[in-house]
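Morning, everyone. One short item from me today. Please look at the screen.

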Amino acid sequence: MIILYFVIGFVLDVLGTLDVQCVIDKKPIRSAVLAFIITLIYIFVLSQIILSPDMIENALSYALGGAVGSYFTVKRRRS
């Protein structure tokens, strides 16, 4: 499960960064769709992490995936 939470954190942060870019580029429909998807996934994942017996490990894995996702997206946009 730890790898799954890492991947989900990564994907959500990539989507979140893309959502910010849509706001900057003034693409409201695309931004709204991304915000909807991000919120649904985030609520589900957060509830699963809180209810899991390995909450700390899963939360850390999710947060690390998010950090790597942000780094990857920003690094990719700069090149």
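Let me begin with contacts. Take those with a separation of 6 or more: residues 24 or more positions apart account for 67% of them. Keep in mind that this is a predicted model.

Now the layout. How many helices and strands does the chain have? Three helices, zero strands. From the N terminus on, the order reads α-α-α. The C-alpha trace spans about 40 × 25 × 15 Å along its principal axes.

Next, helix α1. This helix covers residues 2-24, which is 23 residues. From first C-alpha to last, α1 reaches 33 Å. That is close to the 33 Å expected at 1.5 Å a residue.

Which residues of α1 are buried? Here they are: Y5, G9, L12, V14, L15, D19 and C22. Note that D19 is in that list, as is G9.

What follows α1, and what is the sign of its phi? K26 comes after the helix, and its phi is positive, near 55°.

Back to the whole chain. There are 79 residues, and buried ones make up 25% of them. The exposed area is about 5600 Å². Carbon and sulfur atoms supply 74% of that area.

Last, charge. I count 7 positive side chains and 5 negative ones. How far apart do the centres of the two sets lie? The answer is 18 Å. Set that beside the spans of the C-alpha trace, about 40 × 25 × 15 Å.

To recap: three helices, 67% of those contacts from residues 24 or more positions apart, and charge centres 18 Å apart. Over to you.

Technical notes
Residues are numbered from 1 along each chain as its sequence is written. This is a predicted model: local features need pLDDT of at least 70, side-chain atom pairs count only at pLDDT 80 or more; totals for chains, interfaces and linings use all residues. Side-chain values use heavy atoms; hydrogens and water are left out. Helices (H or I, at least four residues) and strands (E, at least two) are DSSP runs, numbered from the N terminus. The expected span of a helix is 1.5 Å times one less than its number of residues. Buried means under 20% relative accessible area, exposed over 50%, partly exposed in between (1.4 Å probe, protein chains only). Contact means heavy atoms within 4.5 Å. Accessible areas come from the Shrake-Rupley method with a 1.4 Å probe; for residues, only the protein chains shown count as cover. Lys and Arg count as positive and Asp and Glu as negative; His and the chain ends are not counted. The place of a charge is taken as NZ of Lys, CZ of Arg, CG of Asp or CD of Glu.
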